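Here's a short set of exercises to work through with the viewer open. Try each task yourself before reading the solution under it.

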Amino acid sequence: MTFPMYSDRINALPPYLFAAIDEARDELIAKGVDVIDLGVGDPDLPTHPHIVEAMQKAVCDPGTHQYPSYAGMPEFRKAAAEWCRKYKGIEIDPATEVLSLIGSKEAVAHIPLAFVNPGDVVLYTEPGYPVYKIGTLFAGGEPYPLPLKAENSFLPDLDSIPEDVLKKSRLFFFNYPNNPTAATADMAFFEKVVKFCKKHDIIAVHDNAYCQMAYDGYEAPSFLAAEGAMDIGMELYSHSKTYNMTGWRLGFAVGNKDLIKGLGKVKSNVDSGVFDAIQIAGIAALSSPQDCVNETNKIYEERRNALIEGLTAMGLEVKPPKATFYIWAPVPKGFTSISFAKLLLEEAGIVATPGVGFGDAGEGYIRFALTKPVERIKEAVERMKKLQL
Ligand SMILES: Cc1ncc(COP(=O)(O)O)c(C=O)c1O
């Protein structure tokens, strides 16, 4: 036997496309180059003080030190349901229709384990968050990407799916506001998804991780507000981007009680819930006035405008996105997403993510994350303007 013996599912994982870029970035930094990293979708701003203070207090209370409940503290589930009512206009029963999450990533990975049998098809939008595909593969399912194209406003064409694929389809992952395209979806699209999923007996899972990062007065709707969505769907919310809490690992799933129960069954067998002190901090985030979210969005909006201005000056066609903290820009003629990312890094010291890293349908695009102060973004723009394209 050769050691280590990885499982077939690990050996089947696609190669890590960003490894080469990470390596090249680290080499430049080691050489003393002033690299501006707009690659990672991780807020650079700290968690808001009232949330940190709630955690400080909670962690000192020995009552938080034992195993948490699998489903989440009743107070956390109540706060999540109340938040959904207040900000998304949906009625959720905290007793049966909410589940606490250790961030929404684990839910994406665990949902196929709850609902997908080997050979079942899982539909997902591509370019997209890589875990839709990987979670499907881990469960023995067959991932079926639905390409997001500019000409369709980065919405999937549900009518393009062949009948034999539909027959085997069990689950559909979609995500608006979208990472990486920054596209948004309206209620008409969500209503179409409900009809589609009901017709073909497919579970709808809407990943709403970016719903509170919105600009120009835009408010991202809940999929569950679409008529009939609670019959067939669930929605994932995350504290990560909304409250600058990526490191805390907190979120919640809401939706159809049988679906919530199925996810809960998997989770109760692989994890033991979220540390109560983190849930208490999460309640502070959900239940306090949301000024902190608006303030953060103003910061991202200024960064967005600075980057859009620069990209437009370079001749790249990019509309200012209404939501998320990403800019999804087509690469200049003659480049692939990887060759343009390489040029940005080597000639301008800027890290951006090649679109193909989000699946083949992301080829031809590059993603910038607005995760550096506006002065650094302006500096990046100045450097980009000097590039010979
Ligand atoms: C579309 C999408 N969904 C889910 C996640 C997972 O976020 P978290 O696990 O921090 O809630 C991310 C993280 O970047 C994401 O981009």
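## Exercise 1: around one helix

What covers the buried residues of H6 includes H5, S3, strand S4 (142-147), S5 and S6. Keep in mind throughout that this is a predicted model.

**Task.** Find which residues of helix H6 (residues 131-138) are buried, and check the phi of Gly140, which follows H6.

**Solution.**
- Step 1: go along H6 and pick out the buried positions, which are Val131, Tyr132, Ile134, Gly135 and Thr136.
- Step 2: look at the cover over those buried residues, which includes the helix H5 and the strands S3, S4, S5 and S6.
- Step 3: move past the end of H6 to Gly140, where phi is positive, near 80°.

## Exercise 2: where two domains meet

**Task.** Describe how domain 1 and domain 2 touch: how many residues are in contact on each side, and what area is buried between them?

**Solution.**
- Step 1: split the chain, giving 9-46 + 291-386 to domain 1 and 49-290 to domain 2. Their C-alpha centres are 25 Å apart.
- Step 2: count contacts, which gives 32 residues from domain 1 against 31 residues from domain 2.
- Step 3: take the buried area, about 2900 Å², with 61% of that coming from carbon and sulfur atoms.
- Step 4: turn to the polar side of things. Between the domains there are 18 residue pairs in polar contact (both at pLDDT 80 or more).
- Step 5: ask which elements supply two or more residues on the domain 1 side. They are helix H1 (8-11), helix H13 (291-313), strand S9 (326-330) and strand S12 (365-369). H13 gives the most, with 9 residues.
- Step 6: sort that domain 1 side by class, and you get 17 nonpolar, 7 polar and 8 charged residues.

## Exercise 3: the salt bridge between the domains

**Task.** The count between domain 1 and domain 2 is 1 salt bridge. Which residues form a salt bridge with N and O atoms 3.0 Å apart, and is each partner buried or exposed?

**Solution.**
- Step 1: recall the general idea that side chains of opposite charge can pair when their charged atoms come close.
- Step 2: apply the distance cut-off, a side-chain nitrogen of Lys or Arg within 4 Å of a carboxyl oxygen of Asp or Glu. Arg304 and Asp216 pass, with their closest N and O atoms 3.0 Å apart.
- Step 3: place the partners. Arg304 is in helix H13 and Asp216 is in the loop between strand S6 (203-207) and helix H9 (229-232), so this pair links parts of the chain 88 residues apart.
- Step 4: check accessibility. Arg304 is buried at 3%, whereas Asp216 is exposed at 52%.

## Exercise 4: two more pairs and a network

**Task.** The salt bridge count comes to 16. Work out where the partners sit for Arg170 and Asp120, and for Lys342 and Glu346.

**Solution.**
- Step 1: take the side chains of Arg170 and Asp120, which meet at 3.7 Å, N to O. Arg170 belongs to strand S5 (residues 169-174), while Asp120 is in the loop between helix H5 (104-115) and strand S3 (121-126), so their pairing ties together parts 50 residues apart in sequence.
- Step 2: compare burial for that pair. Arg170 is partly exposed at 31%, and Asp120 is buried at 15%.
- Step 3: now take Lys342 and Glu346, whose side chains meet at 3.9 Å, N to O. Both are in helix H14 (residues 337-348), 4 residues apart, or about one turn of the helix.
- Step 4: read off their accessibility. Lys342 is partly exposed at 47%, and Glu346 is partly exposed at 48%.
- Step 5: finish with the network of salt bridges that links Asp34, Arg376, Glu379 and Arg383.

## Exercise 5: a threonine in a loop

**Task.** Is Thr47 buried or exposed, and which residue's side chain makes a polar contact of 3.0 Å with the side chain of Thr47?

**Solution.**
- Step 1: locate Thr47 in the loop between strand S1 (36-37) and helix H3 (49-59).
- Step 2: use the cut-off, under 20% relative accessible area for buried. Thr47 has 15%, so it counts as buried.
- Step 3: list its contacts, leaving aside neighbours within four places in sequence: Val52, Tyr243, Asn244, Met245 and Trp248.
- Step 4: pick out the polar ones. The side chains of Thr47 and Trp248 are joined by a polar contact of 3.0 Å, and a polar atom of the Thr47 side chain lies 2.6 Å from the backbone oxygen of Asn244.

How values were computed:
Residues are numbered from 1 along each chain as its sequence is written. This is a predicted model: local features need pLDDT of at least 70, side-chain atom pairs count only at pLDDT 80 or more; totals for chains, interfaces and linings use all residues. Side-chain values use heavy atoms; hydrogens and water are left out. Domain bounds come from an automatic or database domain assignment. Contact means heavy atoms within 4.5 Å. Buried area is the accessible area (1.4 Å probe) that two parts lose on being put together, summed over both. A polar contact is a pair of N or O atoms within 3.5 Å; within protein, one must be able to donate a hydrogen and the other to accept it, and residues adjacent in sequence count only if both atoms are side-chain atoms. Ala, Val, Leu, Ile, Met, Phe, Trp, Tyr, Cys and Pro count as nonpolar, Asp, Glu, Lys and Arg as charged, and the others, Gly among them, as polar. Buried means under 20% relative accessible area, exposed over 50%, partly exposed in between (1.4 Å probe, protein chains only).
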